[in-house]
Every structure is written in C-alpha cells, then in structure tokens.
Amino acid sequence: MGKTEEKGSREKCTLDGSIDRHGRPAVRANTGGWLSGALLLVNQGLATLAFFGVGVNLVLFLTRVMGQDNAEAANSVSKWTGTVYIFSLLGAFLSDSYWGRFKTCAVFQIIYVIGLVSLSVCTHVFLLQPEGCGDKGARCGPHSSLKLGMFYVSIYLVALGNGGYQPNVATFGADQFDEGHAEESHSKVSFFSYFYLALNLGSLFSNTVLVYFEDKGMWSLGFWASTVSAFLALVLFLVGTPRYRHVAPQGNPLSRFCQVVVAAARKWRVPLPSDVDELHEVDGENGTRKLLHTDGFRVLDKAAIVAPRNAAKGDTWQLCTVTQVEEVKCILRLLPIWLCTILYSVVFTQMASLFVEQGAAMKTEVLGFHIPAASMSSFDILSVAAFIFICRRLLDPLVAALRKKPAVRGLTELQRMGVGLIIAVAAMVAAGTVEHFRLEAAGEDSGSSLSIFWQVPQYTLIGASEVFMYVGQLEFFNRQAPDGLKSFGSALCMTSISLGNYVSSLLVSVVMRISTANRMPGWIPGNLNRGHLDRFYFLLAALTAADFVVYLLCAKWYKYVEFEERVVKSEGNQVPVDGLAV
C-alpha cells in the first residue's frame with residue numbers, strides 16, 4: 001500500500017479508537033454521526049415517555065389505588081425513583097467492564113419492557129378492584145399480599161430496566177461522535193443538550209395526555225401506552241445496530257482502583273522521585289488516552305514508582321501506570337462535586353411528589369376543564385426546551401464574546417452547575433410562597449380557591465435549573481471521567497438523583513416526626529390544609545443555599561483532568577483535540 005492510500009485509509013476511520021459491530025476500526029462515513037445519534041435521541045424520547053407514564057402519576061396511584069397517605073406515598077415514590085437511579089451503577093459497571101454499551105442498553109431495555117408488561121397486566125387484572133375505583137375520590141379495596149408483591153416486583157423491574165439503560169444510552173450516543181475529529185467533537189458536546197431535550201420532550205406526552213387519562217382513573221390505558229412506547233424504543237434501538245460505533249470495555253474498574261491503593265501501600269516508605277518522568281507509564285491501549293500527571297494525592301504516585309524490588313512490570317498489584325494512578329485521582333476529585341449535587345436532586349424530586357400533592361389541593365377547574373395536578377410538569381418541560389435554546393444560542397455566545405476567548409464556549413460546566421443551584425433556591429422560595437398564599441385562601445377542610453396555575457413559576461424555575469445543573473453534569477462527568485469509565489461518569493449524574501430521592505424521603509420522615517410532636521398534625525399531613533408545607537419548602541431553600549456555599553469551595557479546589565494532547569489535521573490545519581483543561 002502506498003503512502004497516499006495509507007493516508008486515505010486513516011482518514012476514513014475514526015481517530016478515537018472506536019470500532020464497528022464486527023470489531024474492526026469504525027469507518028466514519030458508514031458509522032456513527034448524527035444518523036446514529038438521532039436514532040438514539042428518538043429512542044430516549046420514547047423510553048422516557050414510557051417511564052414518566054408510570055412515574056409522574058405514581059404518587060396518585062399509590063394514594064388512590066394502593067391506599068397510602070400523602071407522606072407515605074411521597075416517600076414510596078422517592079424510594080422507587082432513587083432505586084431507578086441506583087441501578088445505573090450496575091448498568092455502568094457491566095458496560096465499562098464486560099458487556100460494552102450496546103449490549104448493556106439492549107439487555108436492560110428488554111427487562112424494562114418485561115416490567116411494564118407485568119405492571120400493566122397486574123393493574124388491569126388485580127389492582128383496579130372493584131371496577132371503577134382509582135378515580136379521584138374513589139379508592140380501591142384492600143389488596144392481598146400476593147397482589148402487592150406482584151405490583152412491587154413489576155415496578156422494580158421497571159426501575160432495574162430503566163436504571164441500567166439510562167447512563168449507557170447517554171454515553172453510547174456520545175460514542176457516535178469522533179472526539180479526534182474537529183467537527184464531530186463539537187457535535188459530541190451538543191449531543192448532551194439534545195439528549196436532555198429529547199428526555200424532556202418524551203415526557204411531554206406523558207405529562208399531558210397520559211396524566212389526564214390516569215387522573216380520570218384509566219390507569220390500565222396509561223400503563224399499556226407506556227408499554228407500547230418502550231417496545232417501540234427497543235425496536236428502534238435494534239434497527240440502528242449496523243450503524244453504531246462501539247468502544248471496547250476496559251475491564252473491571254474496581255480492580256484497577258484497588259491495584260493503585262495496594263501498590264501505593266506496599267511502597268509507602270519508598271521516596272518519590274524528583275522527576276515525574278521517572279514514574280512508570282506505557283502507551284495507551286484499546287483506544288484509551290494517557291492521562292498527564294497532576295499534583296495532589298501525591299501518596300498515590302508511589303504506586304507508579306519503579307522500585308528495585310518490583311518483581312515485574314506486568315504485576316499491576318505492585319506497579320501501576322501514571323494513567324492508572326490519575327484515574328483514581330480523577331475519581332477522588334469528582335466525588336466532592338458529585339456530593340454537592342445530591343441536595344439539588346432533593347429539590348428536583350419534589351416535582352414528582354409534593355408539587356403534585358400541592359397542586360391536587362388547589363383549584364384545578366379552569367373554564368369547566370379539569371387540570372390534572374401532575375400535568376403541571378409540562379411547564380417544566382417547556383422551560384427546559386426554552387432554556388436549552390437560550391443557553392446554546394444566546395448565553396454561550398454572549399459569555400464567549402465578553403471573555404474575548406473564542407475557544408471558550410460559554411460558561412464552564414462547573415459554572416453552569418453553580419447557576420443551577422442558585423435557581424433551585426429561587427424555585428423553592430417560589431413554591432413556599434405559593435403554598436403560604438394557598439393556605440391563607442383555604443380552610444382546614446375546604447378546597448383552596450387559589451388556581452393551580454400559581455404553580456407555573458416554581459415549575460419553570462425547576463426547568464431552568466435542570467438545564468444548568470443536569471446538562472452541565474452530563475457534560476462535566478463525561479468529559480472528566482477517564483476513557484474506561486465513561487458510563488460511570490454518566491451514572492454519577494443519575495446516582496446523585498438517586499441519593500437525592502433517598503435524602504428527600506429521610507428528610508420528610510424527620511420533619512414529620514419532629515413536627516407531629518405534641519399531637520400536632522405536622523408539616524405534611526394527609527390534609528395539606530392542616531399542615532405547613534410552605535415551611536418544608538423554605539427549609540429546602542435554606543439547605544440548598546448552604547449547599548451552594550460548599551459547592552463554591554469544592555469547585556474552586558477542583559483541578560480539571562488533562563489528557564495527553566493529540567494533534568490531527570483538519571482542512572490543512574493542525575488542531576489539538578484532547579486538551580480538556582479549562
């Protein structure tokens with residue numbers, strides 16, 4: 001093969017080490033790009049429609065069909081939603097270590113469909129008894145342990161399927177764009193915004209049409225619609241199989257992490273060399289890039305010291321590479337940022353629980369038409385769509401122009417996440433203010449005369465905060481996670497939502513225990529007109545404001561990861577593609 005032919009062959013293949021379904025280097029013209037990305041965006045929209053067809057009205061299903069009170073139902077939804085996202089760690093582990101992202105997405109989507117079929121059958125045949133129950137004001141009869149068991153197995157199969165699939169489809173979509181190609185690398189950054197937009201647009205149908213039918217007691221219809229949507233998403237995902245690009249799994253990340261700790265502990269008495277170039281390093285394998293050495297956590301550098309007593313350089317429990325050490329440092333640096341996002345998720349989860357209960361206690365009749373409380377989250381979706389456009393088309397160019405640095409595309413991910421926390425504080429203040437006026441307009445046992453549309457500001461603010469926080473999180477963790485832990489990076493976003501739901505459940509329980517002392521009804525009783533939900537919202541605002549202060553300190557301390565810079569030719573110019581330090 002001549003030099004010209006060899007060069008042409010290199011230009012046809014991707015530069016980031018991705019492969020096709022046969023394990024060969026991926027050809028750019030035949031794989032990946034926006035065609036594959038668009039398939040995955042539609043897949044995400046349909047899968048999300050199915051998920052929210054269950055999740056957005058689950059709190060009302062638990063109160064009307066399963067007979068739970070408001071606080072118990074809010075806690076049950078928080079625990080279920082938290083479990084959905086905790087399963088993302090399982091999906092990310094299997095993807096990064098053994099199965100790869102395509103197989104992991106396919107397997108968990110099949111589990112997802114099975115769970116939805118089971119839930120639909122269980123609800124239609126067993127739970128909606130007597131006939132006509134489940135509508136507003138018409139509760140269903142008691143359920144046997146067998147029926148309850150079938151219900152919980154079904155919804156937790158849905159949790160397992162959706163949780164294991166979600167972090168991988170986001171990263172799998174990003175894999176369709178070659179980071180070594182100047183044009184595709186920009187598309188890769190944009191993909192996360194469109195991914196979150198698809199997620200929200202997919203829930204729009206659930207939050208309007210399905211919510212309306214479910215609010216009228218047509219639970220079986222809503223759940224079967226979700227099942228059909230999830231099945232179509234699975235079929236569409238499999239249709240794109242010949243077109244997808246893949247990244248080979250890199251092995252068990254837990255063992256790599258432990259190898260660094262063990263190797264460093266074995267050589268804790270060995271002095272560090274004055275020149276970091278003396279530390280052990282090898283060329284990247286399987287398309288992975290080398291991480292540059294950073295200061296901090298210097299004790300871990302001992303794992304990469306080539307000591308005289310090292311039996312062999314192949315013994316990774318005695319000698320690790322600089323890249324392997326930096327992977328551990330990277331995870332340790334990400335953890336404080338991740339912890340600070342958990343309290344934001346406590347705020348976010350109120351939209352699926354207490355916001356719905358608050359709306360159900362307000363005036364829901366407008367011109368003779370009933371507005372389901374859960375459908376108010378449509379304003380959150382519209383806000384997300386609007387603010388994604390505002391950020392990408394207006395705010396980012398404006399910030400870049402003010403900085404006079406064309407290379408810096410708007411606010412950094414950390415800055416956007418901080419803005420998201422500030423907006424979340426405003427959302428809780430708005431929710432508390434609305435609840436204060438709702439209580440003033442309602443008697444203890446009468447309905448409120450305050451229109452449900454007073455909730456629009458709090459939903460809109462939550463939507464705006466999501467764009468800054470969750471889109472920023474997706475981009476941040478995906479860019480900062482090492483090549484062998486990309487799905488883990490996406491899973492971090494979801495596990496922050498998971499723990500946020502668990503913390504919300506714990507917080508509600510603690511507040512109810514304290515506020516019901518001395519035979520008081522508590523802040524969140526069965527009849528909200530006798531409680532003080534506004535105080536709970538203001539408490540969340542104060543906690544989020546304190547979290548923002550801690551976040552500022554963590555963000556200032558954080559050091560962006562730096563990969564070994566590679567230079568590729570793009571239209572005759574040399575373009576660095578891997579310098580990720582900001």
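Biologist: Let me start with a small feature. From which domains does the lining of the second largest cavity draw at least three residues each?

Modeller: Domain 2 (253–326) and domain 3 (327–560) each supply at least three residues of that lining. Please keep in mind as we talk that this is a predicted model.

Biologist: How do I read a cavity in general, and what is the volume of the second largest cavity?

Modeller: Here is the general idea: rolling a probe the size of a water molecule over the atoms shows where empty space is left. In this structure, the second largest cavity has a volume of about 70 Å³.

Biologist: Which residues line the second largest cavity?

Modeller: You can pick them out in the structure: Leu291, Leu292, Thr294, Glu326, Cys330, Arg333, Gln480, Tyr558, Lys559, Tyr560, Val561 and Glu562. The most comes from H10, which gives three residues. By type, the lining holds six nonpolar, two polar and four charged residues.

Biologist: How many cavities of 30 Å³ or more are there?

Modeller: The count is five cavities of 30 Å³ or more. The largest cavity has a volume of about 600 Å³.

Biologist: Let us turn to that one. How many residues line the largest cavity, and which lie nearest its centre?

Modeller: Its lining is made of 34 residues, and those nearest the centre are Phe52, Tyr85, Leu199, Phe348 and Ile497. Sorted by type, the lining of the largest cavity has 20 nonpolar, twelve polar and two charged residues.

Biologist: Which helices each supply at least two residues of the lining of the largest cavity?

Modeller: Among them are helix H2 (33–55), helix H4 (70–99), helix H6 (145–175) and helix H7 (182–215). Further along the chain you will also find helix H10 (322–349), helix H12 (378–403), helix H14 (456–480) and helix H15 (486–515). The largest share, six residues, belongs to H7.

Biologist: Between which domains does the largest cavity lie?

Modeller: Residues of the lining come from both domain 1 (22–250) and domain 3 (327–560), so the largest cavity lies between them.

Biologist: Now a helix, please. What should I know about helices, and how far does H14 reach from its first C-alpha to its last?

Modeller: As a general rule, an α-helix has 3.6 residues a turn, so residues three or four places apart point the same way. H14 has 25 residues and spans 35 Å from its first C-alpha to its last, close to the 36 Å expected at 1.5 Å a residue. Look at Glu466 too, where a kink of about 35 degrees in H14 is centred.

Biologist: How many residues of H14 are buried?

Modeller: The count is 20 of 25, and H14 is mostly covered.

Biologist: How do I tell whether a single residue is covered? Is Ser88 buried or exposed?

Modeller: We use the relative accessible area, and a residue under 20% counts as buried. Ser88, which lies in helix H4, has 0%, so Ser88 is buried. Ser88 and Ser487 are 399 residues apart in sequence, yet their C-alpha atoms are 9.0 Å apart in space.

Biologist: Where is Thr349 found?

Modeller: Thr349 belongs to helix H10. Its relative accessibility is 6%, so Thr349 counts as buried. Thr349 and Gly82 are separated by 267 residues in sequence and by 9.5 Å from C-alpha to C-alpha.

Biologist: And which relative accessible area does Tyr156 have?

Modeller: Tyr156, in helix H6, has 28% and is partly exposed. Between Tyr156 and Leu116, 40 residues apart in sequence, the C-alpha to C-alpha distance is 9.9 Å.

Biologist: Where is the place of His181?

Modeller: Look in the loop between H6 and H7. His181 is partly exposed, with a relative accessible area of 26%. The C-alpha atoms of His181 and Asp16 are 8.3 Å apart, although 165 residues separate the two along the chain.

Biologist: One last residue: what value does phi of Phe297 have?

Modeller: Phi of Phe297 is near 50 degrees, which is a positive value in a residue other than glycine. You will find Phe297 in the loop between helix H9 (253–266) and H10. With a relative accessible area of 30%, Phe297 is partly exposed.

Note on methods. Residues are numbered from 1 along each chain as its sequence is written. This is a predicted model: local features need pLDDT of at least 70, side-chain atom pairs count only at pLDDT 80 or more; totals for chains, interfaces and linings use all residues. Side-chain values use heavy atoms; hydrogens and water are left out. On a 1 Å grid over the protein atoms alone, a cavity is a set of points where a 1.4 Å probe fits but cannot get out, and a pocket is an open set with protein on both sides within 12 Å along at least five of seven lines; lining residues have an atom within 4 Å of a point. Grid points are joined across faces, edges and corners, and a volume is the space filled by probe spheres set on the points. Helices (H or I, at least four residues) and strands (E, at least two) are DSSP runs, numbered from the N terminus. Ala, Val, Leu, Ile, Met, Phe, Trp, Tyr, Cys and Pro count as nonpolar, Asp, Glu, Lys and Arg as charged, and the others, Gly among them, as polar. Domain bounds come from an automatic or database domain assignment. The expected span of a helix is 1.5 Å times one less than its number of residues. The bend at a residue is the angle between axes fitted to the seven residues ending there and the seven starting there. Buried means under 20% relative accessible area, exposed over 50%, partly exposed in between (1.4 Å probe, protein chains only).
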